[in-house]
Each structure stands twice: as structure tokens, then as C-alpha cells.
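Visitor: I am new to this structure. Could you show me how to read it?

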There are 2 protein chains.
Amino acid sequence: MTFLSDTALKHELNARGFRSTPQRQKVLRIFMALTQGEHLSAENLHQALEEDGEHISLSTVYRTLHLMVYMGLLRELELAEGHKHYELNRPMLDHHHLVCVHCNQTLEFSESSISEIGKKTAETSGYQVLDCQLTLYGICSKCYMPEART
Amino acid sequence: MTFLSDTALKHELNARGFRSTPQRQKVLRIFMALTQGEHLSAENLHQALEEDGEHISLSTVYRTLHLMVYMGLLRELELAEGHKHYELNRPMLDHHHLVCVHCNQTLEFSESSISEIGKKTAETSGYQVLDCQLTLYGICSKCYMPEART
DNA sequence: CATTTAATGAAAATATATGTCAATTGATTT
DNA sequence: AAATCAATTGACATATATTTTCATTAAATG
């Protein structure tokens, strides 16, 4: 799922009764151009599209994000920045996050055992896994001082 | 952290420069009275307090939730219902979630290896872990049908 | 018990996300 | 390649969740 041509995307969509549209292609292209670890909010994505000269309405941006999460193409991250962020779903990479609840600094890490656990658990419950996220919330060394305030 | 008396809460708060207030005590009591696996949104909590005859403003409810997450007393869950839910943080229980991205059905599961991984990762990065969440997103068996739509 | 400063409540403000609906466009059939 | 039909889009309105502001109240400290 790391790379998907327009026609491959079309097949994925059509197979489920959805349509391939220029908007959907452009959104996916934006995500494919990001480096590993980068993630965008709906607003970020909307801007990135504008910067590429693509005028796609915010409603469509939101609808496209949901659809692509639902299809397993994107993963939705909740990293305490107040709004959701999205990135390409690359299940093989076992890519997870560690977030400071104070300053919101976010670190990435890999841990290959997680997806195994995820697969097993999901199977037991009859689920088809789309995404598997281990998120650690804590306090980073800069923020961890007795006098810290909210 | 499964049970915390008013005076223990006071010590925790004062040690960090925060104050013990009746509102904070009442909020924590509500969470301590929940059964394992139950979780509340800010709105739910507000209502639960009202039902107990406690009038605490929504602002205070939100502020208290943030503070308690920051202190590691509560954990914040993002289970695709559109708003955040909260529950007592019981680090020993290794209690995680599996969510259907289509119908939002949520299942709980335990997996004791996760907190080990979390601890190790956080240490490496100099973080103090407050919470460790493995969240699996997928499609449940009821929703997994070729004709499924958004 | 006086002082200091954090915390609260009420209301307004903000932000994020969703819904509506007419117009458009993609997939499929003829 | 034209016609058909439903999915999709964009613009705008709306909803909802959360945050901020600020005057008032009340913990903690000495």
C-alpha cells in the first residue's frame, strides 16, 4: 500500500462500489509524496492541495479522509494536537507513537511484535484489521519537573 | 491507582502545586465507581454528576479531565465515537481496544506484553509513561460485506 | 485569620467536523 | 459514443465539542 497508481486506486474503489475521482487521486498523491513519519490534518491537507493549485472543498477533504481510512489506505492518528492527523497506512512498518501530554512532542518508533498481536486479537474476534496503533502517552524529560503546571 | 481517597488525591495534587477541590474529588469518585471497561465522555460525566446532585460546570469538567490525564490518573480514549472518552488509568491491567471503523462497535481485550514494550520504549526516550494504548481499527464481521458503503 | 493565587461558573468564542441539496461527473449499458 | 443513473462534489449552513475569558470564590500557606 506504499504506492498506488491511479488505475490501481480505481480498481480498489470500483471493487467496493465507489468511484475514482480526480479529487481522490490528488489526495492520495499528496500522502504518497510525504516522507515516512509525516502526517497531515484535514486542514493541512486542504492547504497542501491549494498549494499544488488544486481546489478541493473541505467537505470533500473530510469525506475522502474517512473513505480512505475505511478502506485501509490511510490511518488516523490522535496525537493530542487537538485534531486528527492522517498518514499512509503501511502495515508492514509497525510504526507507532510516543506523545508528551504536556508539550505534545511526538516521537516515532518501530516495534515489530505489535502487528502480530494485533492480527491474532482481531482474528479471534472476527475482525479484519485495517490498522494497529500502539500509542504511548507520557511526559518527556524537558517537561518532567516537579513545578510543572497545566 | 485503582482507588484513591480524598486525602491521597489531595497529596497528589498539592505535591504538584495544584489544589484539592470538592469538584475534583467528586469527579474522581464517579470514575472509581465505574466497572472495568466503562468509560465516559465529558458530557456523560457531567450528567452523571448532575444525577448525583452535583452541579459542576462543563468547563470545570473539561479542565478536570485534562488535569487528571496529565497526572496519569485517567486515560483518554479515542474510540471513533466522535468525542473522547475517559476511564480510570489502571496500568497493571493492560486493557486495550478493538474498534470497527464502520459501526464503531468496541471490544476490550487484555494483552500483558504491551506495557512491557511501552515501558522499554519510553525509557529509551527519557519519557515517563502515563498510559499505553494498543488500539486496533478494523471491520467487524457484521460490517464486512462486499456491498458495504460509507 | 489574612494573604495570595489557583480554581470555578457562566457566557461567549472558537474550532472541527458534518449535513443539505442542487449541479456535476464517473461507470455502465445500449 | 450517447444515454442513463447514482455517486460525488462544492458551497453553505449547521451542529457539536472544546476552549477561553473574566469576575467571583475558596484552598493553601504562614
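What follows is a short tour in questions and replies.

Guide: This is a predicted model; local features need pLDDT of at least 70, side-chain atom pairs count only at pLDDT 80 or more, and totals for chains, interfaces and linings use all residues. Residues are numbered from 1 along each chain as its sequence is written, while chains are lettered from A and ligands numbered from 1 in the order in which they are written.

Visitor: How many residues does each chain give to the contact between chain A and chain B?

Guide: Two residues are in contact if their C-beta atoms, placed from the backbone, lie within 7 Å. Here chain A gives 40 residues and chain B gives 40 residues. Helices (H or I, at least four residues) and strands (E, at least two) are DSSP runs, numbered from the N terminus. On the side of chain A that touches chain B, strand 5 of chain A gives the most, with 12 residues.

Visitor: What classes of residue make up that side of chain A?

Guide: Ala, Val, Leu, Ile, Met, Phe, Trp, Tyr, Cys and Pro count as nonpolar, Asp, Glu, Lys and Arg as charged, and the others, Gly among them, as polar. That side divides into 21 nonpolar, 14 polar and 5 charged residues.

Visitor: In which sense do strand 5 of chain A and strand 5 of chain B pair?

Guide: Two strands pair if DSSP finds at least two bridges between them. These two pair in the antiparallel sense, over 11 bridges. A:Gln128 has B:Ile139 as its bridge partner. A:Cys132 stands opposite B:Leu136.

Visitor: What is the strand order in the open sheet?

Guide: The order is 4(A)-3(A)-5(A)-5(B)-3(B)-4(B), 6 strands with mixed pairing. Strand 4 of chain A and strand 4 of chain B stand at the edges, each with a single partner strand, so one side of each has no neighbour in the sheet. From one strand to the next, the twist averages 25°. Helix 5 of chain A packs on the sheet, and its direction makes about 125° with that of strand 5 of chain A. Helix 5 of chain B runs at about 125° to strand 5 of chain B.

Visitor: How do the axes of helix 2 and helix 3 of chain B cross?

Guide: Axes are lines fitted to C-alpha atoms, for helices over the stretch in contact, and angles run from 0 to 180 degrees between N-to-C directions. These axes come within 10 Å and cross at roughly 100°. Angles under 35 degrees count as roughly parallel, over 145 as roughly antiparallel, 65 to 115 as roughly perpendicular and the rest as oblique. Helix 2 and helix 3 of chain B are therefore roughly perpendicular. B:Lys26, B:Val27 and B:Ile30 in helix 2 meet B:Leu45, B:Ala48 and B:Leu49 in helix 3.

Visitor: Which residues come nearest to DNA strand D?

Guide: A residue is near a molecule or strand if its C-beta atom, placed from the backbone, lies within 6 Å of it. Of the 27 residues around DNA strand D, those that come nearest are A:Phe18, A:Thr21, A:Ser57, A:Thr60 and B:Ser20. Helix 4 of chain A gives the most to this surface, with 4 residues.

Visitor: And which come nearest to DNA strand C?

Guide: A:Ser20, B:Phe18, B:Gln23, B:Ser57 and B:Thr60, of the 27 residues around DNA strand C. Helix 4 of chain B supplies the largest share of that surface, 4 residues.
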